[in-house]
There are 2 protein chains.
Amino acid sequence: MTTSPTDPLTLEVVELIGTVVARYYTEYEQAAAQHSLTGAQARVLGLLSLEPVPMRRIAQKLRCEPSNVTGIVDRLETRGLVERRPDPDDRRVKLAAPTPEGLETSRRLRESLDFAREPLSRLSEAERALLRDLLKRMLGENVL
Amino acid sequence: MTTSPTDPLTLEVVELIGTVVARYYTEYEQAAAQHSLTGAQARVLGLLSLEPVPMRRIAQKLRCEPSNVTGIVDRLETRGLVERRPDPDDRRVKLAAPTPEGLETSRRLRESLDFAREPLSRLSEAERALLRDLLKRMLGENVL
DNA sequence: TATTGTTATACTCTATAACTATA
DNA sequence: TATAGTTATAGAGTATAACAATA
């Protein structure tokens with residue numbers, strides 16, 4: 001049912017992407033751990049850093065069940081990094097929002113994502129632009 | 001202490017890589033689930049498909065503590081996908097090896113990594129070659 | 001003594017199902 | 001009745017520490 005290419009070149013690229021994913025993922029976890037956060041907690045905190053988000057929406061972003069978000073936000077809240085706010089428009093909804101400290105932690109976490117930038121320093125600006133365009137084409141329109 | 005580039009272009013590429021990682025990772029988990037495997041179990045099984053591997057070596061590859069591998073291999077063994085063998089050269093070592101059924105499951109799992117190939121079909125062969133070279137340069141020599 | 005694998009423990013993430021309070 | 005969030009539960013992954021067997 002598929003028409004995906006299976007030529008050696010494509011498989012080599014798939015392998016390389018797998019390597020990038022493995023490296024990026026484990027190093028993200030380590031960066032989170034340096035701030036005493038789990039990967040899931042770091043992802044949620046990063047998500048909130050733009051604007052307060054309903055619990056349900058967080059679950060959708062993380063692709064997990066809403067019941068899990070309760071615990072993750074609980075732990076962030078216990079540590080004073082996040083707070084729950086009522087939604088003026090719908091009293092069923094709770095908005096998770098970062099505290100000032102949470103915002104600061106999120107900022108430092110983003111800083112320490114240096115490991116993701118470092119490998120790119122091996123490429124010239126023109127090559128980085130090329131890589132950007134290839135990745136965008138690969139990901140298509142539905143980039144979220 | 002860092003000289004990593006922080007220009008908008010670099011940050012955009014970092015963002016794109018993050019998107020690739022998130023998509024690839026969750027879809028890998030889903031592919032594993034279709035075979036009633038967790039992500040960790042699928043990774044271990046894939047690791048063994050080339051040759052039997054000592055427990056300790058599995059932990060190094062997964063970047064986790066050796067004690068965790070015991071449980072993961074236990075569950076794979078219970079399902080008849082993996083077996084433990086003695087190492088003739090060192091009686092302390094146990095080699096984890098796939099059963100014929102485990103090998104077949106590993107093969108089908110690899111097949112279903114189709115999702116990773118599909119986005120690449122949007123690129124021409126020349127573009128895929130370009131992407132390969134950029135990724136290789138980015139990852140450097142230590143690609144494992 | 002050092003190393004390999006295991007056990008025991010505690011914490012987090014995960015899905016499922018049932019519950020509550022709103023809509 | 002439908003939806004948002006929670007609770008309760010069970011399974012899996014994780015790190016830490018202590019242990020037995022072997023080197």
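**Exercise 1. The surface near DNA strand D**

Task: Find which element gives the most residues to the surface near DNA strand D, and describe that surface in this predicted model.

Solution.

Step 1. The leading element is H4(B), which contributes four residues to the surface near DNA strand D.

Step 2. Count the surroundings. DNA strand D has 22 residues around it, and the closest are Arg56(A), Thr38(B), Ser67(B), Asn68(B) and Arg75(B). Among the atoms of DNA strand D that come within 4 Å of the protein, 67% are sugar and phosphate.

Step 3. Look at backbone contacts to the phosphates. A backbone N or O atom of Arg56(A) is 2.5 Å from a phosphate oxygen of DNA strand D. For Glu65(B), a backbone N or O atom lies 2.8 Å from a phosphate oxygen of this strand. For Arg91(B), the corresponding distance from a backbone N or O atom to a phosphate oxygen is 3.0 Å.

Step 4. List the elements that give two or more residues to this surface. From chain A they are helix H3 (55-62) and helix H4 (66-78); from chain B they are helix H2 (39-48), helix H4 (66-78) and strand E3 (90-98).

Step 5. Sort by class. The surface near DNA strand D holds nine charged, seven nonpolar and six polar residues.

**Exercise 2. The surface near DNA strand C**

Task: State which residues come nearest to DNA strand C, and say which parts of the strand three of them approach.

Solution.

Step 1. Around DNA strand C there are 22 residues, of which Thr38(A), Ser67(A), Asn68(A), Arg75(A) and Arg56(B) come nearest.

Step 2. Take the side chains that approach phosphate. A polar side-chain atom of Thr38(A) is 2.4 Å from a phosphate oxygen of DNA strand C. In Asn68(A), a polar side-chain atom is 2.5 Å from a phosphate oxygen of the strand.

Step 3. Take the side chain that approaches a base. An N or O atom in the side chain of Ser67(A) lies 2.6 Å from a base oxygen of DNA strand C.

Step 4. Set these contacts beside the overall share. Sugar or phosphate makes up 65% of the atoms of DNA strand C within 4 Å of the protein, and bases make up the rest.

Step 5. Assign the elements. Helix H2 (39-48) and H4 of chain A, with helix H3 (55-62), H4 and E3 of chain B, each supply at least two residues of the surface near DNA strand C. H4(A) gives the most, with four residues. By class, this surface has nine charged, seven nonpolar and six polar residues.

**Exercise 3. The contact between chains A and B**

Task: Describe the interface of chain A and chain B by residues, area and polar pairs.

Solution.

Step 1. Chain A brings 50 residues to the contact and chain B brings 50 residues.

Step 2. About 5,100 Å² is buried between the two chains, with 70% of this area coming from carbon and sulfur atoms. Within chain A, Arg117(A), Leu134(A) and Met138(A) lose the most area to chain B, together 12% of what that side buries.

Step 3. Between chain A and chain B there are eight salt bridges, and ten residue pairs are in polar contact across the interface.

Step 4. Assign the elements of chain A. H1, helix H6 (114-117) and helix H7 (125-139) each supply at least two residues of the side that touches chain B. H1(A) gives the most, with 18 residues. This side of chain A divides into 23 nonpolar, 16 charged and eleven polar residues.

**Exercise 4. Salt bridges and helix H1**

Task: Place two salt bridges on the chains, then explain why the end-to-end distance of H1(A) agrees with its number of residues.

Solution.

Step 1. The structure has 26 salt bridges over all chains. One joins the side chains of Lys136(B) and Glu12(A), at 3.5 Å from N to O. This pair crosses between chains, from helix H7 (residues 125-139) of chain B to helix H1 of chain A.

Step 2. Another salt bridge joins the side chains of Arg110(A) and Glu15(B), also with an N to O distance of 3.5 Å.

Step 3. Helix H1 of chain A covers residues 8-34, which is 27 residues; at 1.5 Å a residue it should span 39 Å, and its end C-alpha atoms are 39 Å apart, so the two agree.

Step 4. After H1(A) comes Ser36(A), with a positive phi near 55°.

Methods. Residues numbered from 1 in each chain as written. Chains lettered and ligands numbered in written order. Predicted model: local features only at pLDDT ≥ 70, side-chain atom pairs only at ≥ 80, totals over all residues. Heavy atoms only, no water. Near = heavy atom within 4 Å. Polar contact = N/O pair within 3.5 Å; in protein donor to acceptor, adjacent residues only side chain to side chain. Nonpolar A, V, L, I, M, F, W, Y, C, P; charged D, E, K, R; others polar. Expected span 1.5 Å × (residues − 1). Contact = heavy atoms within 4.5 Å. Buried area = accessible area lost by both parts, 1.4 Å probe. Salt bridge = Lys/Arg side-chain N within 4 Å of Asp/Glu carboxyl O.
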